[in-house]
Amino acid sequence: MKISILGGGGFLGRKIAERLAQEGVYAGRRIEGLTLFDMFEPPAPAAPFPVATLAGDVVALPEAAIPVGTDVVFHLAAVVSAQAEADYDLGRRVNLRGTDAVIDACRRLVAAGGKPPRVVFTSSVASFSATQADSLPDDTKQIPGNSYGAQKAAAELILADASRRGFLDVVSVRLPTVSVRPGRPNKAASSFFSGIIREPLLGLEAELPVPDDFAVWVCSPRRAVEWLMHAGAMDTSAMGLDRSLSPPGIRITVGEMLRAMDLVRQGSSALVRRVADPAIAAIVGTWPAEFTAERARALGFAAHEPFEDVVRAFIEDDLEATKRDRGV
Ligand SMILES: NC(=O)c1ccc[n+]([C@@H]2O[C@H](COP(=O)([O-])OP(=O)(O)OC[C@H]3O[C@@H](n4cnc5c(N)ncnc54)[C@H](O)[C@@H]3O)[C@@H](O)[C@H]2O)c1
């Protein structure tokens, strides 16, 4: 089993790489090689198999990023939401042309006699728009309210077509907002959904740009990794032409997130300051706060744990490393 992670130096890419390194087997097969590709050379986890690390631009994807014999490609490389909204050219280039390059690379492998690799693509809740009151069924039309979401929806379509043509075998997972993200605040409009938990647990202040009753569709890093790994290993024969799904996240208000944090670490939410930010609120305000996620459940995507467990998991998995990284 050979695996490539594009965006392998990012938050979720590193977590998948670490998990594969710990387990040594994937989808019931021994891992024989892992390639990590990102703009900057990604760190290689200690693994019982060879790990190649590679720096470059996904738009000009080097052949070595998806070597001959690759079975599974996790395509995570992307320009994230607020940055794609602020820099239209960059977002369109990386999120669309980058996906084109992944398709072409897989197509070359198949043309050379290889098997179509499974491609796991990380799409997003941001490819939909809805009101806070909606719970979207699986057949909801994607009407993105931002360029990032439009690029993700477009990428889903061309990947599904490439799948139909036999160049690859895609599963596109429309991830909820992942919280709690370790490290530093990033350029995603959703960054504060992690910041309001991570920063207080570091003893730092955080800003909340939306009201406490603002609801969001979230998942934990542990659950996101679990789902993406399931997408890489599952039987796709029941999916037909529709290669995308919304996994079963949780709908939660930011007030409920803060209360869950206080249950785990009493008084932490006192460090959260309410500072309205209309630009951020305008982006996240178009994202649906709930999906029924029936199709994903039927396809074996695991149900979500309560948010208190998410806070505990952040403390267990990421708090110490984040403290070291931030010098806190
Ligand atoms: N984290 C979330 O809340 C969330 C929610 C929905 C969807 N997603 C999607 O999941 C994926 C992973 O998210 P993440 O949180 O790990 O993001 P991340 O920003 O940590 O990782 C993305 C990686 O892509 C790399 N990248 C950007 N441009 C590149 C280029 N031109 N060439 C090569 N690499 C490039 C970045 O360097 C980064 O390491 C992304 O596709 C993101 O859009 C994330």
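The shell around the ligand divides into 13 nonpolar, nine polar and two charged residues, where Ala, Val, Leu, Ile, Met, Phe, Trp, Tyr, Cys and Pro count as nonpolar, Asp, Glu, Lys and Arg as charged, and the others, Gly among them, as polar. The model is predicted: local features need pLDDT of at least 70, side-chain atom pairs count only at pLDDT 80 or more, and totals for chains, interfaces and linings use all residues. Residues are numbered from 1 along each chain as its sequence is written.

In total, 24 residues surround the ligand, the closest being Gly7, Gly10, Ala78, Thr122 and Val178; a residue is near a molecule if its C-beta atom, placed from the backbone, lies within 6 Å of it. Two or more shell residues come from each of α1 (11–23), α3 (88–111), β7 (118–124) and β9 (177–178). With three residues, α1 gives the most. Helices (H or I, at least four residues) and strands (E, at least two) are DSSP runs, numbered from the N terminus.

Of these elements, α3 can be followed further. Its 24 residues should span 34 Å at 1.5 Å a residue (1.5 Å times one less than the number of residues), and the end C-alpha atoms are 34 Å apart, which agrees. Among its buried residues are Gly91, Val94, Asn95, Gly98, Val102 and Leu109; buried means 20 or more other C-beta atoms, placed from the backbone, within 10 Å of the residue's own. The buried residues of α3 pack against β1 (2–6), β6 (72–75), α2 (81–86), β7 and α4 (147–164), a contact being C-beta atoms, placed from the backbone, within 7 Å. Just after α3, Gly113 takes a positive phi of about 100°.

The whole chain comes to eleven helices and 14 strands. Buried residues make up 49% of its 328 residues.

Conventions. Buried ≥ 20, exposed ≤ 12 C-beta atoms within 10 Å, placed from the backbone. Contact = placed C-beta atoms within 7 Å.
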